Amino acid sequence: MASPDDLVVVDRGENTSLTVHLYGATVISWKCRGEEILFVSQKSLFDNKKAIRGGIPVVFPCFGPWDLGPQHGFARISRWKVESTPQKNTAGDMVAIFSLEDSDKTRAMWDFKFKLIYTLTLKETAFQMDFKVENKDSKPFPFTCLLHTYLGTPDVTKSGVTGLNKLTYVDKVKGGEHQESRDVVTVAENYDRVYKSTPDEHSVSGCVGGKTVVVKKTNFPDTVVWNPWKDKAAGMSDFGDDEYTNMICVEAGYVAKPFVLGAGKSFEASQLLTVI
């Protein structure tokens, strides 16, 4: 289990809270009125060495395999700083801010000066993530980024994702680009698809407690849907053999092509998850 020294708890009262692990600024729990909305593998190590398996890992500066460093970049395997401890805003919501800046270790992989600012706002039945990239360098840099959201579900085959019909996707399992033909996307196999130029809202049905989670995103033009399924799950040391049935990843990101951020400029994107 995670050490208390690694955790920041954002408590709104009424059994509604977030737990953030400073390794990766990974949200490892979102309880909405007592119900856990996110999935975290029981085999996740929490050893401050390997990326946390579940919750909402932050992917930056590269989505997927990376020639310069670890898959999905270094943000999810770096120790973040608490920029602002949890505080109540004027709306009665709880806000916490985390940050990550370049270091000798990051510059050895990716030679740019930057600052990431990650603002989490816990509302009554919703949770907002504001993600900001600041280019502190004298030259532009390209990056991709994504919020790798693992949603819990009692049975993934009964979960569905809306807002993807007629869109082009890259199938990372079978290869090639294809067009989606379903109004509601369901998962019944090893599934890893990058949907391009997606709308700003998706609904994910069949989540924990029979709830639907609505995903609203801003400046994250792409959506990844992922589930490792049985065979791949069995080969993952930090993932239970049968846990694939209890999760679905619906991931807002800027990943189909890199964003190039000019010197001294900033990039902002956000995701709002609402339980209905």
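In which sense, and over how many bridges, do β10 and β20 pair? In this predicted model, the two strands pair in the antiparallel sense, and they do so over 6 bridges. Within that pairing, Leu-147 stands opposite Ala-252 in β20. Strand β10, which covers residues 141–147, is mostly covered, with 6 of its 7 residues buried. A further partner of β10 is strand β5, residues 58–59, and these two strands pair in the antiparallel sense over 2 bridges. Here Val-58 is the residue that stands opposite Leu-147 in β10, so Leu-147 counts as a bridge partner on the side of β5 and also faces Ala-252 in β20.

## The open sheet

Another part of the model is an open sheet formed by 9 strands, which follow one another in the order β6-β7-β8-β9-β21-β18-β17-β12-β15 with antiparallel pairing. Its edge strands are β6 (81–88) and β15 (184–185), each of which pairs on one side only. From the edge at β6, the sheet continues into β7, and the pairing of β6 and β7 is antiparallel over 5 bridges. Lys-88 has Met-94 of β7 as its bridge partner. The hairpin of β6 and β7 has 5 residues between the strands, and Gly-92 in this hairpin takes a positive phi near 85°.

On to the next pair, strand β7 (residues 94–101) and strand β8 (residues 114–122) pair in the antiparallel sense over 8 bridges. Two of the partnerships can be named: Phe-98 has Tyr-118 as its bridge partner in β8, while Ser-99 has Ile-117. Strand β7 is mostly covered, since 6 of its 8 residues are buried.

## Nonpolar cores

The largest nonpolar core holds 73 residues, and the members that touch the most other members are Trp-30, Phe-60, Phe-98, Tyr-118 and Phe-131. Strand β20 (residues 247–261) gives the most to this core, contributing 7 residues. Apart from it lies another core, of 6 residues, which include Val-59, Phe-63, Leu-146 and Val-255.

Phe-131 can be followed further through its contacts beyond four places in sequence, among which are Val-58, Phe-60, Leu-116, Ile-117, Tyr-118 and Cys-145. Phe-131 also touches Phe-220, Phe-267, Glu-268 and Ala-269.

## Pockets

The two pockets described here can be set side by side by volume and by the kinds of residue that line them.

| Pocket | Volume | Lining residues |
|---|---|---|
| Largest pocket | about 430 Å³ | 11 nonpolar, 4 polar, 8 charged |
| Second largest pocket | about 200 Å³ | 7 nonpolar, 3 polar, 1 charged |

Of the 23 residues that line the largest pocket, Arg-53, Gln-71, His-72, Arg-76 and His-148 are the closest to its centre. The lining of the second largest pocket includes Met-1, Ala-2, Leu-7, Ile-28, Ser-29 and Glu-36. Leu-38, Val-40, Ser-41, Gln-42 and Phe-46 also belong to the lining of the second largest pocket.

## Backbone details

Most residues other than glycine have a negative phi, and most peptide bonds are trans. Against that background, a few places in the backbone deserve a separate look. A cis peptide bond, with omega of about 0°, joins Phe-60 and Pro-61, and Pro-61 has its place in the loop between β5 and β6.

Asn-48 is a residue other than glycine with a positive phi, near 60°, and it sits in the loop between β4 (35–36) and β5. Ser-197, likewise not a glycine, has a positive phi of about 50°, and its loop is the one between β16 (191–195) and β17 (201–205).

Are these two residues buried or exposed? Asn-48 counts as partly exposed because its relative accessibility is 31%, which falls between the cut-offs of 20% and 50%. Ser-197 counts as exposed because its relative accessibility, 57%, is over 50%.

## Val-170 and its surroundings

Val-170 is found in strand β13, residues 168–171, and is partly exposed, with a relative accessible area of 25%. Leaving aside neighbours within four places in sequence, the contacts of Val-170 are Gly-176, Glu-177, Asp-192, Arg-193, Val-194 and Lys-196. Asp-137, by contrast, is 33 residues apart from Val-170 in sequence, and the two C-alpha atoms are 33 Å apart in space.

Conventions. Residues are numbered from 1 along each chain as its sequence is written. This is a predicted model: local features need pLDDT of at least 70, side-chain atom pairs count only at pLDDT 80 or more; totals for chains, interfaces and linings use all residues. Side-chain values use heavy atoms; hydrogens and water are left out. Helices (H or I, at least four residues) and strands (E, at least two) are DSSP runs, numbered from the N terminus. Buried means under 20% relative accessible area, exposed over 50%, partly exposed in between (1.4 Å probe, protein chains only). Contact means heavy atoms within 4.5 Å. On a 1 Å grid over the protein atoms alone, a cavity is a set of points where a 1.4 Å probe fits but cannot get out, and a pocket is an open set with protein on both sides within 12 Å along at least five of seven lines; lining residues have an atom within 4 Å of a point. Grid points are joined across faces, edges and corners, and a volume is the space filled by probe spheres set on the points. Ala, Val, Leu, Ile, Met, Phe, Trp, Tyr, Cys and Pro count as nonpolar, Asp, Glu, Lys and Arg as charged, and the others, Gly among them, as polar. Two strands pair if DSSP finds at least two bridges between them. A nonpolar core is a set of buried Ala, Val, Leu, Ile, Met, Phe, Trp, Tyr and Cys residues joined through side-chain atoms within 4.5 Å.
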